[in-house]
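Colleague: I should be grateful for a close look at a single part of this model, namely the interface between its two domains. Please describe how the two parts are placed and what meets where they touch.

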Amino acid sequence: MLALAVFVGTKGRGSNLFALRDAIEAGRLAASIAVVIGTRAEAPALVRARAAGLSVRIVDPQTIHPEEYGAALLATLKDAGTDTIALAGFLRRVPPLVVQAFPHRIVNIHPSLLPLFGGKGMYGEHVHRAVLEYGVKVSGCTVHFVDEAYDTGPIIAQRSVPVWDTDTPETLAARILPLEHALLAESLQLLAEGRLTLNGRVVRVLTDAAAGGTESRMP
Ligand code: GRF
């Protein structure tokens, strides 16, 4: 059972956060949401989280010395008893102190097929616009472990969708979002079951954790 901290950004609606909450309530994800952490109290995802009775904490990097930001996050995480972090629309780089304190216990959902269309500034509509401008015919979403850079950590799972000639950033985002919701919860459930292993940067899924048995690549 995971004790989750969900990090949200200033702009997100919180749909991935609530997809996790729904997966927990439906018994598809063995976890609890110990705390939701954001940078601004008025962020829509945090407003929704508070209204839903979730525990919300603000750690605002604008009011904290940059060198203290990681320590402030760590204190909040420790206080909430968190063992795993899910980034759901969080736009900042996770401080190295936090990455090092949670080795392979931080996952991010990104709305493209990484390593394409990732990196600093590539979030939300910016991603889908870049996909359409480039002209790729397939896009999708990626769940990956978080390292100290943007969107570069080992990939846990991906799902793809076709890109249509008639797509706008909005229609493409709407096609991908439900897959994000499912993939984030499924990936965290694999983590909860202890079924994710790393070989270099390649993540493998144990088919039978109890037997410590055979490995297979995720579909
Ligand atoms: C999602 O598209 C997610 O992939 C990205 O930010 C967006 C957040 O959306 N990292 P929401 O706040 O979960 O609705």
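Modeller: In this predicted model, the centres of domain 1 and domain 2, taken over C-alpha atoms, are separated by 19 Å. Domain 1 spans residues 1-102, and domain 2 covers 109-219. Where they meet, 23 residues of domain 1 are in contact with 16 residues of domain 2. The area buried between domain 1 and domain 2 is about 1700 Å², and carbon and sulfur atoms account for 66% of it. On the side of domain 1, the residues that lose the most area to domain 2 are Asn16, Leu91 and Arg93; together they make up 28% of what that side buries.

As to polar and charged interactions, 0 salt bridges are counted between domain 1 and domain 2. Polar contact is nevertheless present, with 7 residue pairs found across the interface, both residues of each pair being at pLDDT 80 or more.

Turning to secondary structure, four elements each supply at least two residues of the side of domain 1 that touches domain 2: strand E1 (2-7), helix H1 (15-25), strand E4 (84-87) and helix H4 (96-101). Of these, H1 provides the largest share, 5 residues. By residue class, the side of domain 1 that touches domain 2 consists of 14 nonpolar, 4 polar and 5 charged residues. The interface thus joins a buried area with 66% on carbon and sulfur atoms to 7 residue pairs in polar contact.

Notes. Residues are numbered from 1 along each chain as its sequence is written. This is a predicted model: local features need pLDDT of at least 70, side-chain atom pairs count only at pLDDT 80 or more; totals for chains, interfaces and linings use all residues. Side-chain values use heavy atoms; hydrogens and water are left out. Domain bounds come from an automatic or database domain assignment. Contact means heavy atoms within 4.5 Å. Buried area is the accessible area (1.4 Å probe) that two parts lose on being put together, summed over both. A salt bridge is a side-chain nitrogen of Lys or Arg within 4 Å of a carboxyl oxygen of Asp or Glu. A polar contact is a pair of N or O atoms within 3.5 Å; within protein, one must be able to donate a hydrogen and the other to accept it, and residues adjacent in sequence count only if both atoms are side-chain atoms. Ala, Val, Leu, Ile, Met, Phe, Trp, Tyr, Cys and Pro count as nonpolar, Asp, Glu, Lys and Arg as charged, and the others, Gly among them, as polar.
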